[in-house]
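Dear colleague,

Please find below the structure I am handing over to you, with its sequence. My notes on it follow directly after.

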Amino acid sequence: MENKDSQHKREEEERDTAAENEVQYAYENDNNEEIVEAAEDNEVEAEEKEQQQAPTSQTPASAAGGRSGGKAWIAVSAILAIVLIIVLIKPPFGGGTEAVATVNGVKISKDKLYDSLVKQGGTSTLDNMITQELIDQAAKDAKVTVTEADIDKEIENLKKSFGSEDEFQQTLQQYGMTEESLREDAGTQVTIRKILEPQVKVTDADIKTYYDQNKESMATPAQIRASHILVATKEEAEAILKELKGGADFATLAKEKSTDTGTKDNGGDLNFFAKGTMEAAFDDAAFALKVGELSGVVQTSYGYHIIKKTDEKAAVTPTLEDKKEDIKYQLVTQKVSELSSTWLADLKAKAKITNKLDPAAAADASASPAASTDAGTNADASPAADATK
């Protein structure tokens with residue numbers, strides 16, 4: 001079924017904004033623009049592909065807002081994983097004449113592959129490694145450690161930006177990632193949060209104000225669960241309806257005869273959805289049913305449906321107490337995001353950094369007053385300097 005996106009635009013924008021604020025701070029530095037732009041392009045392509053291949057009936061999970069920020073988070077992680085192959089192929093500036101491939105007997109050397117990868121993303125990759133080293137040093141100075149429980153919580157909050165666990169897993173697959181590889185990037189997110197969180201103050205008044213302003217978008221509308229069988233003609237639908245009324249099993253007929261490839265293998269199950277998610281004719285018929293009841297033949301732009309209502313949920317508006325911890329986490333995340341860009345810039349300005357892929361950037365950093373002051377006292381002992389030589 002076709003979703004009515006216009007009815008959800010405001011909710012989607014609010015969720016997207018919150019999700020983007022939650023994930024952006026680990027990537028807010030001047031030298032990551034190319035990677036972020038590539039991630040955004042990758043996300044757009046994935047969204048277009050998703051729309052083109054979407055099943056004829058979509059669940060509310062796929063229609064829900066709040067996915068864009070989470071997908072950008074995953075897209076950036078995927079691109080970083082790809083360009084980091086450079087480090088695995090050859091240590092910077094070492095030898096590498098060994099062939100990694102041959103074409104009609106002509107060798108493609110490790111050197112040539114490495115040089116090509118450096119051109120494509122080497123500068124950004126090395127800059128990210130430098131930034132990561134600075135963050136690790138800052139965490140050590142602040143005595144910050146990240147536990148598995150911390151990462152579990154970060155992933156859990158990321159998942160909340162998706163409509164369902166299935167959608168989260170599908171997005172990981174789109175970007176060639178696993179949850180395990182995503183967890184590695186989550187550690188950086190958590191580290192920055194723990195370093196900067198002591199500088200952030202969120203009061204009960206702040207939480208209540210946010211709740212009052214966003215209570216409507218936090219509410220869950222009344223939902224029903226239904227299954228359907230979709231066919232091309234009215235005659236087919238009427239014949240199937242006759243079988244169902246004669247005692248045939250709905251799920252079995254859906255698997256055998258439904259043309260909706262997205263739901264037929266699940267017996268036509270559409271999961272829970274709110275009113276306004278499906279086309280009007282489908283919505284009206286489905287919401288008018290009692291649990292366990294069959295509809296007549298329902299026509300939409302996709303064909304002819306027989307619908308069976310299988311469950312329902314009443315509308316729920318969470319209380320302030322229900323959402324207090326979630327709101328506090330989100331407000332802290334937003335404030336950490338605001339602080340992180342300046343904080344990372346300050347770390348770089350105070351560090352002595354050598355960068356053979358981008359000497360000009362390293363020279364600029366070393367020429368800053370802060371870097372010059374620190375260089376005279378701490379540079380020789382700096383792990384960052386050793387790590388980037």
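Asn 104 is exposed, its relative accessible area being 82%. Please bear in mind throughout that this is a predicted model. Asn 104 sits in the loop between strand 1 (99-103) and strand 2 (106-109). Its phi is near 50°, a positive value in a residue other than glycine.

A second asparagine deserves mention alongside it. Asn 271 also carries a positive phi, of about 65°, although it is not a glycine. Asn 271, however, is found in strand 4, and it is partly exposed, with a relative accessible area of 35%.

**Strands 3, 4 and 6, and helix 13**

Strand 4 (269-274) leads on to the pairing of the strands. Strand 3 pairs with strand 4 in the antiparallel sense, over four bridges; within this pairing, Gln 223 stands opposite Ala 274 of strand 4. Strand 3 also pairs with strand 6, again in the antiparallel sense, over nine bridges. There, Ala 226 stands opposite Lys 309 in strand 6. Strand 3 is mostly covered, as eight of its nine residues are buried.

These strands reappear in the surroundings of helix 13. In helix 13 (residues 280-288), the residues Phe 282, Asp 283, Ala 285 and Ala 286 are buried. What covers them includes strand 3 (223-231), strand 4 (269-274), strand 5 (294-300) and strand 6 (303-313).

**Helix 6 against helix 14**

How do the axes of helix 6 and helix 14 cross, and within what distance do they come? The axes of helix 6 (residues 110-141) and helix 14 (residues 320-350) come within 10 Å and cross at roughly 95°. That makes helix 6 roughly perpendicular to helix 14. On the side of helix 6, the contact involves Asp 127, Thr 131, Leu 134, Ile 135 and Ala 138; these meet Trp 343, Leu 344, Leu 347 and Lys 348 in helix 14. By character, the residues of this contact divide into six nonpolar, one polar and two charged.

**The largest nonpolar core**

In soluble globular proteins, nonpolar side chains tend to be buried together. The largest nonpolar core in this model has 19 residues, of which Ile 195, Ile 327 and Trp 343 touch the most other members. Two or more residues come from each of helix 6, helix 9 (179-196), helix 10 (204-218) and helix 14. Helix 14 gives the most to this core, with six residues. Trp 343 thus has two roles to note: it takes part in the contact with helix 6, and it is among the residues of the core that touch the most other members. As for Ile 327, leaving aside its neighbours within four places in sequence, it is in contact with Ile 207, Tyr 210, Tyr 211 and Met 218.

**Lys 159**

The last item concerns Lys 159, which is placed in helix 7 (residues 148-159). Is Lys 159 buried or partly exposed? With a relative accessible area of 23%, Lys 159 is partly exposed, because the cut-off for a buried residue is under 20%. Not counting residues up to four places away in sequence, Lys 159 touches Glu 165, Phe 168 and Glu 179. In addition, the C-alpha atoms of Lys 159 and Gln 169 are separated by 9.4 Å, these two residues being 10 residues apart along the chain.

With kind regards

Methods:
Residues are numbered from 1 along each chain as its sequence is written. This is a predicted model: local features need pLDDT of at least 70, side-chain atom pairs count only at pLDDT 80 or more; totals for chains, interfaces and linings use all residues. Side-chain values use heavy atoms; hydrogens and water are left out. Axes are lines fitted to C-alpha atoms, for helices over the stretch in contact, and angles run from 0 to 180 degrees between N-to-C directions. Angles under 35 degrees count as roughly parallel, over 145 as roughly antiparallel, 65 to 115 as roughly perpendicular and the rest as oblique. Contact means heavy atoms within 4.5 Å. Ala, Val, Leu, Ile, Met, Phe, Trp, Tyr, Cys and Pro count as nonpolar, Asp, Glu, Lys and Arg as charged, and the others, Gly among them, as polar. Buried means under 20% relative accessible area, exposed over 50%, partly exposed in between (1.4 Å probe, protein chains only). Two strands pair if DSSP finds at least two bridges between them. A nonpolar core is a set of buried Ala, Val, Leu, Ile, Met, Phe, Trp, Tyr and Cys residues joined through side-chain atoms within 4.5 Å.
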